Amino acid sequence: MLLRTPTDLGAVIRDRRKQLGLGQAELAPRIGVSRQWVIGIERGRARAELALVLRTLDELGIRLETRIEDKALRPRSTPDLDSIVAAARKRDS
């Protein structure tokens with residue numbers, strides 16, 4: 001999954017916590033934070049301390065991977081897949 005915002009990361013943390021059947025109050029002491037901190041990170045608080053975020057991911061068994069992407073090779077705009085598929089269907093008919 002590609003995470004682009006703190007809100008995306010918060011959603012992953014919340015979903016995994018729920019998958020594990022953990023409440024916010026149960027998770028908090030496992031990572032050494034308050035329940036309010038868990039609430040904040042799940043809501044996408046942008047200023048969460050990185051060490052705590054990494055500890056949270058580890059506790060929940062979420063693996064974080066990195067990939068270096070060369071921006072010069074990335075297309076400047078996203079292709080319109082619907083129009084590409086429609087054009088291909090039109091050619092095939």
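The exercises below concern helices and single residues in a predicted model.

**Exercise 1. Which residues of helix H2 are buried, and where do they lie around the helix axis?**

Solution.
Step 1. Locate H2 at residues 24–31.
Step 2. Apply the cut-off: a residue is buried if its relative accessible area is under 20%. In H2 this picks out Gln 24, Leu 27, Ala 28 and Ile 31.
Step 3. Look down the axis of H2. The buried residues fall within an arc of 105°, so they line one face of the helix.
Step 4. Recall a general rule. An α-helix has 3.6 residues a turn, so residues three or four places apart point the same way.
Step 5. Check the other side of H2, where Ala 25 and Pro 29 are exposed.
Step 6. Find the partners of the buried residues of H2: they pack against helix H1 (6–19), helix H3 (35–42) and H4.
Step 7. Look just past the end of H2. The residue that follows is Gly 32, with a positive phi near 80°.

**Exercise 2. At what angle do H2 and H4 pack, and which residues make the contact?**

Solution.
Step 1. Take H2 together with helix H4, residues 50–59. The angle between them is about 115°, and their axes are 10 Å apart.
Step 2. Give the handedness: H2 passes H4 in a right-handed crossing.
Step 3. List the residues in contact. H2 supplies Leu 27, Arg 30 and Ile 31, while H4 supplies Leu 52, Arg 55, Thr 56 and Glu 59.
Step 4. Sort these residues by class: three are nonpolar, one is polar and three are charged.

**Exercise 3. Is Thr 56 buried or exposed, and what is it in contact with?**

Solution.
Step 1. Place Thr 56 in helix H4.
Step 2. Read its relative accessible area, which is 1%. Buried means under 20%, so Thr 56 is buried.
Step 3. Leave aside neighbours within four places in sequence; Thr 56 is then in contact with Ile 13, Ile 31 and Trp 37.

**Exercise 4. Is Arg 17 buried or exposed, and which residues does it touch?**

Solution.
Step 1. Place Arg 17 in helix H1.
Step 2. Its relative accessible area is 6%, and Arg 17 is therefore buried.
Step 3. Not counting residues up to four places away in sequence, Arg 17 touches Leu 22, Gly 23, Gln 24, Leu 27, Glu 42 and Leu 60.

**Exercise 5. How many residues of helix H5 are buried?**

Solution.
Step 1. H5 covers residues 81–92, which makes 12 residues.
Step 2. From first C-alpha to last, H5 reaches 16 Å, close to the 16 Å expected at 1.5 Å a residue.
Step 3. The number of buried residues in H5 is zero, so H5 lies largely in the open.

Methods:
Residues are numbered from 1 along each chain as its sequence is written. This is a predicted model: local features need pLDDT of at least 70, side-chain atom pairs count only at pLDDT 80 or more; totals for chains, interfaces and linings use all residues. Side-chain values use heavy atoms; hydrogens and water are left out. Axes are lines fitted to C-alpha atoms, for helices over the stretch in contact, and angles run from 0 to 180 degrees between N-to-C directions. Helices (H or I, at least four residues) and strands (E, at least two) are DSSP runs, numbered from the N terminus. A crossing is left-handed if the near helix is turned anticlockwise from the far one by less than a right angle, and right-handed if clockwise. Contact means heavy atoms within 4.5 Å. Ala, Val, Leu, Ile, Met, Phe, Trp, Tyr, Cys and Pro count as nonpolar, Asp, Glu, Lys and Arg as charged, and the others, Gly among them, as polar. Buried means under 20% relative accessible area, exposed over 50%, partly exposed in between (1.4 Å probe, protein chains only). The arc is that of the directions from the helix axis to the C-beta atoms. The expected span of a helix is 1.5 Å times one less than its number of residues.
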